[in-house]
Amino acid sequence: MSWGIELWDQFDNLEKHTQWGIDILEKYIKFVKERTEIELSYAKQLRNLSKKYQPKKNSKEEEEYRYTACKAFLSTLNEMNDYAGQHEVISENMTSQIIVELARYVQELKQERKSHFHDGRKAQQHIETCWKQLESSKRRFERDCKEADRAQQYFEKMDADINVTKADVEKARQQAQTRHQMAEESKADYSSVLQKFNHEQHEYYHTHIPNIFQKIQEMEERRIVRIGESVKTYAELDRQVIPIIGKCLDGIVKAAESIDPKNDSQLVVEAYKSGFEPPGDIEFEDYTQPMKRTVSDNSLSNSRGEGKSELKFGGKSKGKLWPFIKKNKGATPEDFSNLPPEQRRKKLQQKVDELNKEIQKEMDQRDAITKMKDVYLKNPQMGDPSSLDHKLAEVSQNIEKLRLEAQKFEAWLAEVEGRLPARSDQARRQSGMYETQNAPSVNNCAQDRESPDGSYTEEQSQESEVKVLAADFDDEFDDEEPLPAIGTCKALYTFEGQNEGTISVVEGETLYVIEEDKGDGWTRIRRNEDEEGYVPTSYVEVYLDKNAKGAKTYI
């Protein structure tokens, strides 16, 4: 099958068909280009989606991703980010291996097509010129033949006419001969031109046009093959990323399988465990007996009446509202004394770990500076060793400062870890607090003791009748017998007791201990008969009197 033989007379149709082929190729390029744009847009949307749901740094969301379910979600986001990257790879490969290559090929194809059809038109113009020459020679031969016939007829007429002179007859005869000679020459020329035209026409239809059309056929078949290769490449580029996309999906499945509900439940316990024991049983207080009763360890009410006590437990009352106090929104104290024991221990441990990391970092820096100084000592041309002394001293000061800070937090941590074992008196105190807070009168005039650093808030009703009731019982409460001292303490730091129920102390001051720490981070002390209150346990060093009534061994 050859276009040169089968389609020898379809020059114009072949020209249209090859142009259509180029249009199809350009249409396919446009299709692939739009596909790459879709892939890029899809990848961008996936990346934005993954970024949108990523946890923000140093936020509460970041802490939530300790749970396995959240970790699985985070892994899904990361895998989707990689998944998006594969769609970008598809776009890049299709652009470089299909769009760019085909665009270059189309330009080459257009040039080749133009060249072939230029040769075809040139051959057409040549055969048309030969045809015109043939037609011209033929018309001249025909004209000369007719002129010769007319000249012959005129000669014969003149020769038959007796009235015509011999000279005229001779002239007519010569004219007829001349015309016959011209006709013979035209005939010879016509024959030559015709022979030449037939040769050119044979060459045109059997050599030139078949060769040109054969080249056009080969060009068109190469175009078709190229489209097929591009379509195959299109599929292969998609297939190449399937294994990586499969790994992304496998990663999501693996993350889902790693979800551990028991572990998450344990993390909830670690996050919110207070370290307290549930409230114990409340002791029965027999009010039918005429004897004088002291305040129960399990209740915040005193012997002068439940209502009075509930209105006056914010000052020198023996009860302390922990852990049922309301948290203040102010600054967190340095020793985290506003937190329950277990949470406080975790925060202190975290702080100690952070300080140790900073110490190690500074020590590494010190070692590096020391090594550099040694190098300068051995090779003075590299630098002045004394120039590093200031930096070395600064780093050493930082290390010492961090060590002191770490020792302070380690002391608080040791204190908390020493108190973590549950004690029955602590449970009884909490039980008493719970009972008091549920009493109707407390709902009207609850007063919470506040720590010096704003750990606790004081909420006092502004109703006039509550203030009157509280004032009425101040004198009665002050008349109570003071608690006996169970030991002494020495203030390690200065503390400004600006809130109700607290007392200010100066560093180095010695005071009496009348109630030791019950697990809430506060110790009740007395300076004299009129001054007593609470101070943070970490601010004092306690020396309990083992012979005192109710005293406990100090750890």
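Buried means under 20% relative accessible area, exposed means over 50%, and partly exposed lies in between, with a 1.4 Å probe and protein chains only. Keep that at hand for the exercises below.

This is a predicted model, in which local features need pLDDT of at least 70, side-chain atom pairs count only at pLDDT 80 or more, and totals for chains, interfaces and linings use all residues. Residues are numbered from 1 along each chain as its sequence is written, and side-chain values use heavy atoms, leaving out hydrogens and water.

**Exercise 1. Work out how α2, α4 and α5 are arranged in pairs.**

Step 1. Settle the terms. Helices are DSSP runs (H or I, at least four residues), numbered from the N terminus. Axes are lines fitted to C-alpha atoms over the stretch in contact, and angles run from 0 to 180 degrees between N-to-C directions. Under 35 degrees counts as roughly parallel, over 145 as roughly antiparallel, 65 to 115 as roughly perpendicular and the rest as oblique.

Step 2. Take α2 (residues 11-52) with α5 (residues 166-257): the angle is about 15° and the axes lie 11 Å apart. The two helices α2 and α5 are therefore roughly parallel. In this contact there are 15 nonpolar, 4 polar and 4 charged residues. For these classes, Ala, Val, Leu, Ile, Met, Phe, Trp, Tyr, Cys and Pro are nonpolar, Asp, Glu, Lys and Arg are charged, and the others, Gly among them, are polar.

Step 3. Move on to α4 (residues 68-160), which packs with α5 at about 175°, the axes being 6 Å apart. That makes α4 and α5 roughly antiparallel. Their contact holds 45 nonpolar, 21 polar and 24 charged residues.

Step 4. Finish with α2 and α4, whose axes come within 8 Å and cross at roughly 165°. Again the pair α2 and α4 is roughly antiparallel. Here the contact has 25 nonpolar, 12 polar and 10 charged residues.

**Exercise 2. Find the salt bridge that ties α2 to α5, and say how accessible its partners are.**

Step 1. Apply the rule: a side-chain nitrogen of Lys or Arg within 4 Å of a carboxyl oxygen of Asp or Glu. The count comes to 22 salt bridges.

Step 2. Pick out Asp-238 and Arg-35, with their closest N and O atoms 3.0 Å apart. Asp-238 sits in α5 and Arg-35 in α2, 203 residues apart along the chain.

Step 3. Check accessibility. Asp-238 is partly exposed at 23%, whereas Arg-35 is buried at 14%.

**Exercise 3. Describe the salt bridge between α8 and α9, then look at Glu-531.**

Step 1. Lys-373 and Asp-389 meet at 2.7 Å, N to O. Lys-373 belongs to α8 (residues 341-378) and Asp-389 to α9 (residues 389-419), with their positions 16 residues apart in the chain.

Step 2. Lys-373 counts as partly exposed at 22%, and Asp-389 counts as partly exposed at 33%.

Step 3. Glu-531 pairs with Arg-527 at 3.0 Å, N to O. Glu-531 is partly exposed at 35%, and Arg-527 is partly exposed at 27%. Elsewhere, salt bridges with shared partners join Glu-515, Arg-524, Arg-526 and Glu-532 into one network.

**Exercise 4. Search for disulfides and look at two cysteines.**

Step 1. With a disulfide taken as a pair of cysteine sulfur atoms within 2.5 Å, the whole structure gives 0.

Step 2. Compare accessibility: Cys-70 is partly exposed at 24%, while Cys-489 is buried at 0%.
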